[in-house]
Amino acid sequence: MVIAAAGLVLVGVAFYRLASLEILDQLRSLPAALAIVVVGGALRLWVQTRAWRTALLTDGIEAPQSRLAGIRLAAQASGFLAAGGSVVAEPAKLLLLRESADISKTAPATLVETSTYWLTTVILGLAGTAAAALLIPGSQVVWLSAGVFTASFVFLAAPGALLSPVLRWAGPKAPRWLRSAERTEVLVRSFRERRPGSARSIFAIEASAQVVTLAEVAAVMWVIGVHVSPLQILAIESAGRLVKVLAAWIPGRLGIDEGGAAASFSLLGLPAGAGLALAVARRVRDLLFALAGAAWAAWASGSVRSQDGGATANLDVLEGALTCKR
């Protein structure tokens with residue numbers, strides 16, 4: 001809570017420091033920017049859910065697209081203000097999907113989709129870092145970005161299971177959870193060899209989601225009235241991803257996203273107020289999606305109770321998903 005409060009204070013300071021210069025002009029376009037990011041976020045949600053459904057179908061698990069979209073929203077709601085929100089969201093998705101199949105069966109496909117999304121994110125980050133190197137050569141931030149995204153790429157693209165050496169070192173004394181995690185990692189990392197066609201399809205779908213994100217930035221800048229080049233768009237989005245990675249431990253990254261956006265825009269020679277407006281629009285969008293996810297979770301639990309005469313199994317799953325961040 002203290003960190004979250006500090007983040008809100010940072011947002012207020014950023015507004016105060018920029019208000020006298022440009023932020024008020026940029027915020028006049030905030031409603032239109034919010035509409036753009038909501039539409040972009042909804043489209044990206046549907047596209048990523050399609051990739052998730054493709055991975056599940058490859059492993060013989062059937063689930064409606066609409067239900068998977070609801071599960072994804074509810075999982076995002078569980079990690080909205082949690083430290084490492086995306087890490088919290090993954091177990092929540094598995095818990096909420098237990099009605100379709102056992103967690104041991106859904107985990108590999110779910111993690112395949114997640115890891116593919118992050119792989120495309122890292123590739124976009126590397127492309128944006130290269131763009132930033134052309135726009136602001138010699139900047140230490142560019143070197144930091146290159147290091148973070150390169151290390152992430154090596155981790156995600158590694159063909160072998162990283163837990164296997166740990167398991168061999170532990171030997172017969174290795175705990176059951178470590179053996180289970182190693183088996184799941186083997187299935188995830190071998191997916192490209194086992195199902196090359198599906199792997200290519202999932203990658204293409206996730207890549208299209210990244211294109212939607214870039215288009216979102218371009219559209220918001222057009223509405224605000226700020227001219228940006230393709231290289232600047234790549235650098236802007238790369239900077240946003242870098243902030244998310246480095247500040248993942250801060251609950252909700254309150255104030256960090258906004259301050260990072262303003263700073264990156266200034267570094268690229270763009271109005272800091274435009275970056276702040278983009279970050280605020282995305283913050284409001286994420287809040288709206290979190291509320292929608294919580295509403296879906298409540299509806300889903302009530303629907304199951306009415307169908308099974310008051311059974312509480314699914315309610316327990318939802319409660320576990322929404323409290324797993326603790």
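Leaving aside its neighbours within four places in sequence, which residues is Glu182 in contact with? The legends below describe a predicted model, and the view of Glu182 comes after the overview and the two helix pairs.

**Figure 1. Overview of the predicted chain, a fold of helices without strands.** The chain contains 14 helices and zero strands, so that its elements, read from the N terminus on, run α-α-α-α-α-α-α-α-α-α-α-α-α-α. Of the 326 residues in the chain, 50% are buried, and the chain exposes about 15,900 Å², with carbon and sulfur atoms supplying 68% of that area. Among the contacts in the chain with a separation of 6 or more, 71% are accounted for by residues 24 or more positions apart.

**Figure 2. Close-up of the packing of helix H5 with helix H6.** Two packed helices are described by the angle between their axes and the distance between the axes. Helix H5, which spans residues 103-135, packs with helix H6, which spans residues 140-157, at an angle of about 155°, and the two axes are 9 Å apart. Because angles over 145 degrees count as roughly antiparallel, H5 is described as roughly antiparallel to H6. The crossing of these two helices, H5 and H6, is left-handed. On the H5 side, the contact is made by Ser115, Trp118, Leu119, Val122, Ile123, Gly125, Leu126, Thr129, Ala132 and Ala133, and on the H6 side by Val142, Ser145, Ala146, Phe149, Thr150, Ser152, Phe153 and Leu156. By class, the residues of the contact of H5 with H6 comprise twelve nonpolar, six polar and no charged residues.

**Figure 3. Close-up of the crossing of helix H5 with helix H8, including the surroundings of Thr184.** The axes of H5 and helix H8, the latter formed by residues 176-189, come within 9 Å and cross at roughly 55°. This angle makes H5 oblique to H8, and the crossing of H5 and H8 is right-handed. In this contact, Ala107, Pro108, Leu111, Val112 and Ser115 of H5 meet Thr184, Leu187 and Val188 of H8. The contact of H5 with H8 has six nonpolar and two polar residues, and no charged residues. Ser115 of H5 thus appears in the contact with H8 and also in the contact with H6. Thr184, which lies in helix H8, has a relative accessible area of 17% and is therefore buried, since buried means under 20%. Leaving aside neighbours within four places in sequence, Thr184 is in contact with Ala107, Pro108 and Leu111.

**Figure 4. Close-up of Glu182, a buried residue of helix H8.** Glu182 is found in helix H8, where its relative accessible area of 13% places it among the buried residues. Its contacts, leaving aside neighbours within four places in sequence, are with Leu163, Ser164 and Leu167. Glu182 and Ala161 are 21 residues apart along the chain, and their C-alpha atoms are separated by 7.0 Å.

**Figure 5. Close-up of Arg44 in helix H2 and its contacts with residues remote in sequence.** Arg44 lies in helix H2, which covers residues 30-58, and is buried, with a relative accessible area of 13%. Not counting residues up to four places away in sequence, Arg44 touches Ala209, Val212, Thr213, Glu216 and Arg285. For one of these partners, Ala209, the separation from Arg44 is 165 residues in sequence and 5.3 Å in space, taken from C-alpha to C-alpha.

**Figure 6. Close-up of Arg282 in helix H13 and the residues it touches.** Arg282 has its place in helix H13, made up of residues 272-308, and counts as buried at 16% relative accessibility. Not counting residues up to four places away in sequence, Arg282 touches Val37, Thr213, Glu216, Val217 and Glu237. Thr213 and Glu216, both touched by Arg282, are also among the residues touched by Arg44.

**Figure 7. Close-up of Leu231, a partly exposed residue of helix H11.** Leu231 lies in helix H11, which comprises residues 230-246, and counts as partly exposed at 34% relative accessibility. Not counting residues up to four places away in sequence, Leu231 touches Ala131, Leu134 and Leu135. The C-alpha atoms of Leu231 and Thr129 are separated by 9.7 Å, although the two residues are 102 residues apart along the chain. Thr129 is also one of the H5 residues in the contact with H6.

Methods: Residues numbered from 1 in each chain as written. Predicted model: local features only at pLDDT ≥ 70, side-chain atom pairs only at ≥ 80, totals over all residues. Heavy atoms only, no water. Axes fitted to C-alpha atoms, helices over the stretch in contact; angles between N-to-C directions. Helix = DSSP H or I, 4+ residues; strand = E, 2+ residues; numbered from the N terminus. Parallel < 35°, antiparallel > 145°, perpendicular 65-115°, else oblique. Left-handed = near helix turned anticlockwise from the far one by under 90°. Contact = heavy atoms within 4.5 Å. Nonpolar A, V, L, I, M, F, W, Y, C, P; charged D, E, K, R; others polar. Buried < 20%, exposed > 50% of the residue type's maximum accessible area, 1.4 Å probe, protein only. Areas by Shrake-Rupley, 256 points an atom, 1.4 Å probe, with all protein chains shown as cover.
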